[in-house]
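Biologist: Got the model open? I'd like to go through it with you piece by piece.

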Amino acid sequence: MGTNGNEEVTSLYSFSCRDRRFSKHIHDNVHGNIYLDPVLASLPFPNLHSCVYVCVCDLDLEVSTLEYGHSSNLILFFWRLRELKQLGLTHMVYPGAVHSRFEHSLGVYWLAGEAVHTVQGHQGSEINIERNDIRTVKLAGLLHDVGHGPFSHLFEREFLPRVLNGSEWSHEDMSVKMIDYIVDAHHIEIDAAILNNVKEMVLASSANASQNTVNEKRFLYDIVANGRNGIDVDKFDYIVRDSRACGLGCNFQFQRLLETMRVMGDEIYLTVHKLFATRADLHRTVYTHAKVKAIELMVVDALTLANGELSISASIQEPAKFWKLDDSILRQIETSDKQELKKARDLVLRIRRRDLYQFCNEFAVPKDKQEHFKDITPQDIVCSQKNGDTPLNEEDISVSIVKIDLTRGRSNPLERFGVALLACISTSSIKFFQDYESDYKFPIRDERISHLLPAFCQDMIVRVYSKKPELLKTYGMKAQVHDTPEKKKRRV
């Protein structure tokens, strides 16, 4: 991926260890000081240097001092991530979850660099990581979410499929389009091979990952977005960052993973510990919290009602318009006095008043039914109810289908990983290696790891919500262990 040799990498690695006090840095509440080292400062494409260096750093925001006239526009593309909350609407249940994709992207940038430097430091005589390799991986980490839509994954998984008839748009694809747009619109001089590799690294874990990725140094494409098994620095950052923001404990320590990384062949080997269980806990406790999902359902309805007037979905076709779309779209709906937005505005006001869709019931799909389970629809719910005094219509019901797993589906990754062992990330399975003196790889059966491993590793939960509180009196809701105390029923 580059031709400058290991001498320059040694210089960069030495920089990261000794001379950080002379670099510009940002203090991050997860990683401490994030240093902007010469990997960015010495980029051979100066316009991009101005873009990234200024975007990242709060110290150089005086546009008038910049050499390149388009830098003020370039700043906006990355700074847009400040207006995208990492966890979307979760802050309405967990008030501390207000961190943005801006700081997450900085964290991934930093961890991507640390990962490359770790591998280089341990195996400098075995592998040939060059200066451009480091530049490419760090840029991919910095820009991997630049095409993300508002409200976390709600935009692409809930809203767009509804208004665009099953849209398969993804933020990874949009990130690639945004990178191309930034380079083309602002005439940034960047080596075509570096640009192509950055985009392939961004897409590596998506459905549209390139099938023609070079075999040489294939392990570099697993660092930011790992398409082989999902273990990457993107997850390292968000698991710890999200846990801290929500006030939850986190037993997962990515530092140990980074310290024990190893390349064998074209694969990265590392220590696996607590990663999957912590991720599943976050999904169960935070990401799919029943009230968070209720708010998300309301926001999807509001965006759908406002789409005709605001052309929200149309923005995904044009990067020049898409970069203006962020979480503030909800505020735009709420403060508009247009009659066309009244229904959407009323929904947003209901959220503000905490007049949420009411959780009625949930059903855990049996494990032996999950593979061929057909999604439940509002029509199914209406047809299953007995006629009551109040008629029940499809538009009165929302259904949310939640899937929680350890990594990717129903298989148990711990059967292959174990705990606190050195593991090989393989394309088909997870194997282990004994120590750094041996290249021998071997599998481990689950009974040799622990008798406490789960027998099944995916939950599928169907939740039903009522859009009209009065319907609960007729059709009821899930029984509680005990009645809500009268004092708590009173409205303040």
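Biologist: Let's start with two rings: are Tyr-35 and Trp-110 buried or exposed?

Modeller: Both Tyr-35 and Trp-110 are buried. Keep in mind that this is a predicted model.

Biologist: Noted. How many aromatic pairs are there?

Modeller: The count comes to 7 aromatic pairs. Tyr-35 and Trp-110 form one that is tilted, with 6.0 Å centre to centre and 45° between the planes.

Biologist: Where do Tyr-35 and Trp-110 sit in the chain?

Modeller: Tyr-35 is in strand S2 (residues 32–36) and Trp-110 is in helix H5 (residues 101–123). They are 75 residues apart, and the pair links distant parts of the chain.

Biologist: And what kind of pair do Phe-359 and Tyr-465 form?

Modeller: Phe-359 and Tyr-465 make an edge-to-face pair, 5.8 Å centre to centre with 65° between the planes. Phe-359 is in strand S5 (residues 358–364) and Tyr-465 is in strand S10 (residues 458–466), so this pair ties together parts that are 106 residues apart in sequence.

Biologist: Why does Phe-359 count as partly exposed?

Modeller: Because its relative accessibility is 22%, and buried means under 20%. Tyr-465 has 1% relative accessibility, so Tyr-465 counts as buried.

Biologist: Which rings link into a cluster?

Modeller: Phe-155, Phe-159, Trp-169 and Phe-322 do, through ring pairs.

Biologist: OK, helices now. At what angle do H13 and H16 pack?

Modeller: About 160°, with the axes of H13 (residues 290–310) and H16 (residues 342–352) 8 Å apart. That angle makes H13 roughly antiparallel to H16. Their crossing is left-handed.

Biologist: Which residues make that contact?

Modeller: On H13 they are Ile-295, Met-298, Val-299, Asp-301, Ala-302, Leu-305 and Ala-306. On H16 they are Lys-343, Ala-344, Leu-347, Val-348, Arg-350 and Ile-351. By class, the contact of H13 with H16 has 10 nonpolar, no polar and 3 charged residues.

Biologist: Which residues of H16 are buried?

Modeller: Ala-344, Arg-345, Leu-347, Val-348, Arg-350 and Ile-351. These buried residues of H16 pack against H13 and H15.

Biologist: Why would residues three or four places apart point the same way?

Modeller: Because an α-helix has 3.6 residues a turn.

Biologist: Which residue with a positive phi follows H16?

Modeller: Arg-354, with phi near 65°.

Biologist: And what about the loop between H15 and H16, where Ser-336 lies? Is Ser-336 buried or exposed?

Modeller: Ser-336 is buried, with a relative accessible area of 15%. Not counting residues up to four places away in sequence, Ser-336 touches Leu-341 and Arg-345. Arg-345 is also among the buried residues of H16.

Biologist: Switching helices: how do H8 and H9 cross, left-handed or right-handed?

Modeller: The crossing of H8 and H9 is right-handed. The axes of H8 (residues 171–185) and H9 (residues 192–203) come within 9 Å and cross at roughly 160°, so H8 and H9 are roughly antiparallel to each other.

Biologist: Who makes the contact there?

Modeller: H8 brings Glu-172, Asp-173, Ser-175, Val-176, Ile-179, Asp-180 and Val-183. H9 brings Leu-195, Val-198, Lys-199, Val-202 and Leu-203. Sorted by class, the residues of the contact of H8 with H9 are 7 nonpolar, 1 polar and 4 charged.

Biologist: Back to phi for a second. What is the phi of Phe-151?

Modeller: Near 60°, a positive value in a residue other than glycine. Phe-151 is in the loop between H6 (131–143) and H7 (154–163). At 4% relative accessibility, Phe-151 counts as buried.

Biologist: And the phi of Ser-311?

Modeller: Ser-311 has a positive phi too, near 50°. Its place is in the loop between H13 and H14 (319–322), and Ser-311 is partly exposed, with a relative accessible area of 41%.

Biologist: Where does Pro-391 lie?

Modeller: In the loop between H17 (378–384) and strand S6 (397–405). Pro-391 counts as exposed, at 58% relative accessibility. The C-alpha atoms of Pro-391 and Leu-471 are separated by 8.7 Å, and those two residues are 80 apart along the chain.

Biologist: Last one, the overall picture: how many helices and strands does the protein chain have?

Modeller: It has 20 helices and 10 strands. Of the 492 residues in the protein chain, 53% count as buried. Among contacts between residues at least 6 apart in sequence, 71% join residues at least 24 apart.

Definitions and conventions:
Residues numbered from 1 in each chain as written. Predicted model: local features only at pLDDT ≥ 70, side-chain atom pairs only at ≥ 80, totals over all residues. Heavy atoms only, no water. Axes fitted to C-alpha atoms, helices over the stretch in contact; angles between N-to-C directions. Helix = DSSP H or I, 4+ residues; strand = E, 2+ residues; numbered from the N terminus. Parallel < 35°, antiparallel > 145°, perpendicular 65-115°, else oblique. Left-handed = near helix turned anticlockwise from the far one by under 90°. Contact = heavy atoms within 4.5 Å. Nonpolar A, V, L, I, M, F, W, Y, C, P; charged D, E, K, R; others polar. Phe/Tyr/Trp six-rings, centres within 6.5 Å; stacked < 30°, edge-to-face > 60°. Buried < 20%, exposed > 50% of the residue type's maximum accessible area, 1.4 Å probe, protein only.
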